[in-house]
Amino acid sequence: MPGLNDLYPNSIGWVVAVAVVGGLIAIVAAYGYQTVAKFANVAAPWMVLVFLVFGFVGLRQFIEATGTEVGSMGDLWGLAKTEIWKGGPPQEGQVKFTFWHVTFFAWFCNMAMHIGMSDLSVFRFARKSWYAIASSAGMYVGHFMAWISASILYAYQLHLNPADTDVLPGPLAYRAAGLVGLLCVIIAGWTTANPTIYRAGLAFQALAPKSSRFKVTLITGAIATIAGMFPAIAMKLLGFVALYGLVLMPMGAVIFVDFWLIRKFGLQSYYAELSKRAFNWAAGLAWLVTLSICLVLVKLGWIIDKLVSWGVFTMSDRLQWIKDTFTVQIFFVSLPGWFVAALLYIVLSKLYQRKIRPTE
Amino acid sequence: MRSILQIISLLALIALTLPSVIFLAGNMELNTVKWLMLVATIVWFVTATGWMWKDNGTESQQAG
């Protein structure tokens with residue numbers, strides 16, 4: 001299996017495994033994935049509890065391995081701080097993840113779905129608005145709880161052998177819960193991947209409505225499978241997911257403002273439809289400007305370094321302060337970015353809708 | 001029948017989780033936990049499918 005820093009597939013086995021799994025997922029998604037959706041519903045309560053068991057088992061293993069006496073919450077907190085999540089330098093080439101990185105990333109790693117509104121492709125079938133609470137179950141149970149459990153198991157692996165830094169969910173789960181753990185990892189991956197390919201297929205089909213959804217989903221699955229073979233993408237998932245979430249986030253803000261807020265400012269919702277235009281410039285510009293601002297903030301340190309190396313500026317204390325203060329890691333930029341996009345859409349709509357009246 | 005299946009599947013979920021709590025308290029071997037979880041998993045999927053699958057089918061027919 002490729003490592004975190006590999007760029008290209010490094011074995012035939014890896015390529016074949018990705019091709020088989022990706023192909024199967026694409027075929028099932030192309031058939032509409034109704035059976036998988038039903039199966040996922042049955043598996044969900046079981047899967048959540050297996051995640052919880054991972055945490056309990058890992059905790060006990062830590063207690064035994066360290067010989068810690070745990071008689072109170074204070075003892076447990078001490079064990080957590082000194083043995084499980086004790087911190088340390090990041091692996092070479094990786095960002096140091098703090099508590100806030102994990103919190104933000106657990107919240108925003110599915111930002112493309114929740115904030116970027118990709119969820120709407122599934123929630124369009126919802127008969128009650130509160131069905132959207134399902135998204136929070138994904139975040140708080142599927143991310144926060146599952147990740148806490150997974151991190152205990154991984155920390156235990158490192159505790160036993162600090163040189164063993166491989167992140168392999170299958171063996172980790174198998175060591176903690178045997179066959180059930182392994183089954184949980186497979187089902188969790190399967191039931192996550194299928195709706196993703198299904199809605200990606202729907203999205204591509206929206207670009208060419210006359211095309212067959214079956215074929216479009218298969219092609220989408222094939223593209224995703226080929227991409228998955230390259231560790232440059234698969235092993236950089238954190239940054240990649242943050243980036244594609246960032247790309248969709250401003251449009252999620254536009255949809256939210258357009259549906260819930262814009263009439264309160266005396267403006268029209270669905271303005272493109274009302275004015276019979278194929279393109280709403282207020283939405284387009286809000287997306288582009290927000291994305292540009294976010295990318296500049298993420299790359300600010302790099303931009304300043306380049307400008308200094310080209311002799312445009314000389315590095316001063318003030319410039320260093322600007323670099324240190326305003327450079328934002330990609331994991332954190334989306335939250336302020338959402339508000340920037342929302343504000344921009346309102347301001348641009350004020351100008352745009354005054355200029356172009358709807359043709360009633 | 002449906003109520004019986006629901007009760008058994010609920011008990012299966014308890015049987016899935018409880019051994020790990022006992023293990024955490026230091027009163028059970030990990031191998032025993034794994035075996036009990038496997039049995040509970042089989043019972044869950046057999047019994048829950050019996051009532052949840054039908055529910056979903058009805059739902060999608062209504063939606064369609």
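In the predicted model, Tyr140(A) has a relative accessibility of 46% and is therefore classed as partly exposed, since that class lies between the 20% limit for buried residues and the 50% limit for exposed ones. Phe144(A), with a relative accessibility of 24%, is likewise partly exposed because its value falls in that interval. Both residues belong to helix α7 of chain A, which comprises residues 133-160, and because they stand four residues apart they are separated by about one helical turn. An α-helix has 3.6 residues a turn, so that residues three or four places apart point the same way.

Over all chains, the structure contains 17 aromatic pairs. One of them joins Tyr140(A) and Phe144(A), whose rings are stacked, with 5.4 Å between the centres and 10° between the planes. Another is formed by Phe99(A) and Trp100(A) in an edge-to-face arrangement, with a centre-to-centre distance of 5.1 Å and an angle of 85° between the planes; both of these residues are exposed. An aromatic cluster that includes residues of chain A and chain B is also found, consisting of Phe39(A), Trp46(A) and Phe45(B).

Chain A as a whole contains 15 helices and zero strands, and its C-alpha trace extends over about 75 × 60 × 45 Å along the principal axes. Of the 360 residues in this chain, 36% are buried. When contacts in chain A between residues at least 6 apart in sequence are considered, 75% are found to join residues at least 24 apart. The exposed area of chain A amounts to about 20,500 Å², of which carbon and sulfur atoms supply 71%. Chain A carries 26 positive and 15 negative charges, and the mean positions of these two sets are 18 Å apart.

Within chain A, Ala80(A) is located in helix α3, which covers residues 73-84. Its relative accessibility is 12%, and Ala80(A) therefore counts as buried, the limit for that class being 20%. Once residues up to four places away in sequence are set aside, Ala80(A) touches Trp85(A) and Lys86(A). Between Ala80(A) and Met235(A), which are 155 residues apart along the chain, the C-alpha atoms are separated by 27 Å.

In chain B, helix α1 runs over residues 2-24, and its 23 residues should span 33 Å at 1.5 Å a residue; the end C-alpha atoms are 34 Å apart, which agrees with that expectation. The buried residues of α1(B) are Leu5(B), Ser9(B), Ala12(B), Leu13(B), Leu16(B), Thr17(B), Pro19(B), Ser20(B) and Phe23(B). After α1(B) comes Gly26(B), which has a positive phi near 85°.

Thr17(B), which lies in helix α1 of chain B, has a relative accessibility of 13% and so counts as buried. Apart from its neighbours within four places in sequence, Thr17(B) is in contact with Leu49(A), Leu52(A), Val53(A) and Phe56(A).

Technical notes. Residues numbered from 1 in each chain as written. Chains lettered and ligands numbered in written order. Predicted model: local features only at pLDDT ≥ 70, side-chain atom pairs only at ≥ 80, totals over all residues. Heavy atoms only, no water. Phe/Tyr/Trp six-rings, centres within 6.5 Å; stacked < 30°, edge-to-face > 60°. Buried < 20%, exposed > 50% of the residue type's maximum accessible area, 1.4 Å probe, protein only. Helix = DSSP H or I, 4+ residues; strand = E, 2+ residues; numbered from the N terminus. Contact = heavy atoms within 4.5 Å. Areas by Shrake-Rupley, 256 points an atom, 1.4 Å probe, with all protein chains shown as cover. Lys, Arg positive; Asp, Glu negative; His and termini not counted. Charge placed at Lys NZ, Arg CZ, Asp CG, Glu CD. Expected span 1.5 Å × (residues − 1).
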